[in-house]
Amino acid sequence: MVKVLVSACLLGEKVRYDGKDASVTHPILTRWHREGRLILFCPEVAGGLPVPRPPAEIVQGNGHDVITGKSAVVTWKGEDVTRYFLEGARRALSIAIADGVRLAILKEKSPSCGKYWIYDGHFSGNSREGPGVTTAMLQNAGIRVFNEKEIERAEAYLRELESS
């Protein structure tokens, strides 16, 4: 059975920076949960950040730039928290490899989990294109990432994987 890594906040865990969740109710996720496919994970908490915590954004770049040392993740107070984001991404990848994960469903706009969009690094509420740190690391390892609005596409990919 193919396992699916999922942002813990999407399944109701209160791990976001503000101590809240970002719950998504979807019959596919409910079924996968029943089947024991889901691995819930919050890279920011796994990387050592507390709940709640100051909001953080990637400055001048995206997750790929953070991985290569060209960019940093900072809080709105200016504290560099890059090491926590990198550690969380490494732990996500380690778990994914250990459990044979081939796809993930992650929270869009997160500096860790965003797939297409992350916040712009100015704490303005505006977004820019690019993946978060964990998404970039998983993609670099060949793990396909979907966001919370692509659950049907994730299911189609899962079916494709299991039929081959």
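## Two nonpolar cores

In this predicted model, the largest nonpolar core is made up of 26 residues, and L5, V73, F85, V133 and L138 have the most contacts inside it. Two or more of its residues come from each of β2 (38-41), β3, α4 (82-98), β5 (103-106) and α5 (133-140). The biggest share is from α4, which supplies 6 residues.

V133 is a good place to start looking around. Beyond its neighbours within four places in sequence, V133 is in contact with I58, G63, V66, I67, V73, F85, L86, A89, P111 and S112. There is also a second, separate core of 21 residues, with C9, A22, L29 and W32 among them.

## The largest pocket

Next, have a look at the largest pocket, whose volume is about 480 Å³. It is lined by 27 residues, and R16, Y17, K109, S110 and P111 are the closest to its centre. The elements that contribute two or more residues to this lining are α2 and β3. By type, the lining residues are 15 nonpolar, 5 polar and 7 charged.

## A buried arginine

R53 sits in the loop between α2 (43-46) and β3 (56-59). Is R53 buried or exposed? With a relative accessible area of 9%, R53 falls under the 20% cut-off and therefore counts as buried.

The R53 side chain comes to 3.0 Å from the backbone oxygen of P50. Setting aside residues up to four places away in sequence, R53 touches V15, R16, Y17, C42, E44 and V45. Two of these names, R16 and Y17, may be familiar from the pocket, where they are among the residues closest to its centre.

Definitions and conventions. Residues are numbered from 1 along each chain as its sequence is written. This is a predicted model: local features need pLDDT of at least 70, side-chain atom pairs count only at pLDDT 80 or more; totals for chains, interfaces and linings use all residues. Side-chain values use heavy atoms; hydrogens and water are left out. Helices (H or I, at least four residues) and strands (E, at least two) are DSSP runs, numbered from the N terminus. Buried means under 20% relative accessible area, exposed over 50%, partly exposed in between (1.4 Å probe, protein chains only). A polar contact is a pair of N or O atoms within 3.5 Å; within protein, one must be able to donate a hydrogen and the other to accept it, and residues adjacent in sequence count only if both atoms are side-chain atoms. Contact means heavy atoms within 4.5 Å. A nonpolar core is a set of buried Ala, Val, Leu, Ile, Met, Phe, Trp, Tyr and Cys residues joined through side-chain atoms within 4.5 Å. On a 1 Å grid over the protein atoms alone, a cavity is a set of points where a 1.4 Å probe fits but cannot get out, and a pocket is an open set with protein on both sides within 12 Å along at least five of seven lines; lining residues have an atom within 4 Å of a point. Grid points are joined across faces, edges and corners, and a volume is the space filled by probe spheres set on the points. Ala, Val, Leu, Ile, Met, Phe, Trp, Tyr, Cys and Pro count as nonpolar, Asp, Glu, Lys and Arg as charged, and the others, Gly among them, as polar.
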